[in-house]
Amino acid sequence: MATGEKRYRDFSDFLNLHFDCKVQKISLHAGFTCPNRDGGIGVGGCTYCNNQTFSPDYCHTGKSITSQLEEGIAFFARKYPEMHYLAYFQAYTNTYGELAVLKQKYEEALSHPGVVGIIVGTRPDCMPDGLLEYFADLSRHTFVLVEYGVESTCDETLRRVNRGHDFAASVDAICRTAEMGIAVGAHMILGLPGENREMILSHADKMSRLPLDTIKLHQLQLILHTRMAAEYKSNPNDFHLYDVDEYIDLAIDFAERLSPHIAIERFVSQSPAELLIAPNWGIKNYEFTARLLKRMKERDTWQGKLFTEV
């Protein structure tokens, strides 16, 4: 790596390919549920899931898409009046519903004058062909990114956390989406119960073989009011909760094996303090990133250093 080059491809690198202006995501709660909660696929949801951990205060189902956008934009516009925005359909499964209802919500967001695109978070088993065709058409005149919750490439892990789909479903959804010319991302959780270091790093190898544009990495967090929290209380030895420096080295090891063409949107997630059981590192995301970059420099390493094209 030449001196002065970035040590990993970040989300801004990806966005710069699509925009010549600054853009900011505005998280939305569109009132959807999840087929792993309502019986469509399963009940109880994923064992680690409490949607409150990623819904900002303005994201409440009682508010319209437009109201949530207005509140979110007002928060940023005071400091960044020239900012443009991406409507981020984040909470639960945002492709689960009648096509006409889904389109109405997406188009309400896109009709806002400050919005220049949408990001849709969903499950890999909830992308019907008709909706994918709609996104493909939409992406021809506006920015569209579909993010799939993959979480693990190990089917045993996916069963253990009651995910409700296997890794093959993720491969299929990601490939179908990319083939339609739609930007595609994935979410992964590092440190799920039963996964050791080598299993975690093998995720990087498998994800690198997929046509991904972006990836989000999250450390495993134990959250109040989840089944996993109860499992941890009963059998804490089944879990390995990384301390911050240990996780930094794990995340770097992951990045070394990840294709340099995939933008790493983030390495960690930050849950509300009142919901977080562990691990409680006591640092903000930007502080974590600064420490990770410092450690990458100390190790003289970078994203893709150990990646090999196949």
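Here are three short exercises, with worked solutions, on the predicted model shown above.

**Exercise 1. How many disulfides does a search of the whole structure find, and why is Cys 46 not bonded to Cys 49?**

Step 1: Recall that a disulfide is a covalent bond between the sulfur atoms of two cysteines.
Step 2: Searching the whole structure gives zero disulfides. For Cys 34, which is in none, the nearest cysteine sulfur belongs to Cys 46 and lies 6.2 Å away.
Step 3: Now take Cys 46. Its closest cysteine sulfur is in Cys 49, at 6.0 Å, and this is too far for a bond, because the cut-off is 2.5 Å.
Step 4: Check the surroundings too. Cys 34 is buried, with a relative accessible area of 10%, and Cys 46 is buried as well, at 8%.

**Exercise 2. Which residues touch the most other members of the largest nonpolar core, and which helix gives the most to it?**

Step 1: This core has 66 residues, and those touching the most other members are Phe 89, Ile 118, Phe 135, Tyr 247 and Phe 267.
Step 2: Helix H9, residues 244-257, gives the most, with eight residues.
Step 3: Follow Phe 267. Beyond its neighbours within four places in sequence, Phe 267 has contacts that include Tyr 8, Leu 217, Tyr 247, Ala 251 and Phe 288.
Step 4: Look elsewhere for a separate second core: it has twelve residues, among them Leu 15, Phe 19, Tyr 88 and Phe 143.

**Exercise 3. What lines the second largest pocket?**

Step 1: Begin with its volume, about 220 Å³.
Step 2: Of its 16 lining residues, Gln 270, Leu 276, Asn 280, Gly 282 and Ile 283 are the closest to the centre.
Step 3: Sort the lining by class: seven residues are nonpolar, eight polar and one charged.

Notes:
Residues numbered from 1 in each chain as written. Predicted model: local features only at pLDDT ≥ 70, side-chain atom pairs only at ≥ 80, totals over all residues. Heavy atoms only, no water. Buried < 20%, exposed > 50% of the residue type's maximum accessible area, 1.4 Å probe, protein only. Core = buried A, V, L, I, M, F, W, Y, C linked by side-chain atoms within 4.5 Å. Helix = DSSP H or I, 4+ residues; strand = E, 2+ residues; numbered from the N terminus. Contact = heavy atoms within 4.5 Å. 1 Å grid on protein atoms, 1.4 Å probe; cavity = no way out; pocket = protein on both sides within 12 Å on 5 of 7 lines; lining within 4 Å. Points joined across faces, edges and corners; volume = space filled by probe spheres on them. Nonpolar A, V, L, I, M, F, W, Y, C, P; charged D, E, K, R; others polar.
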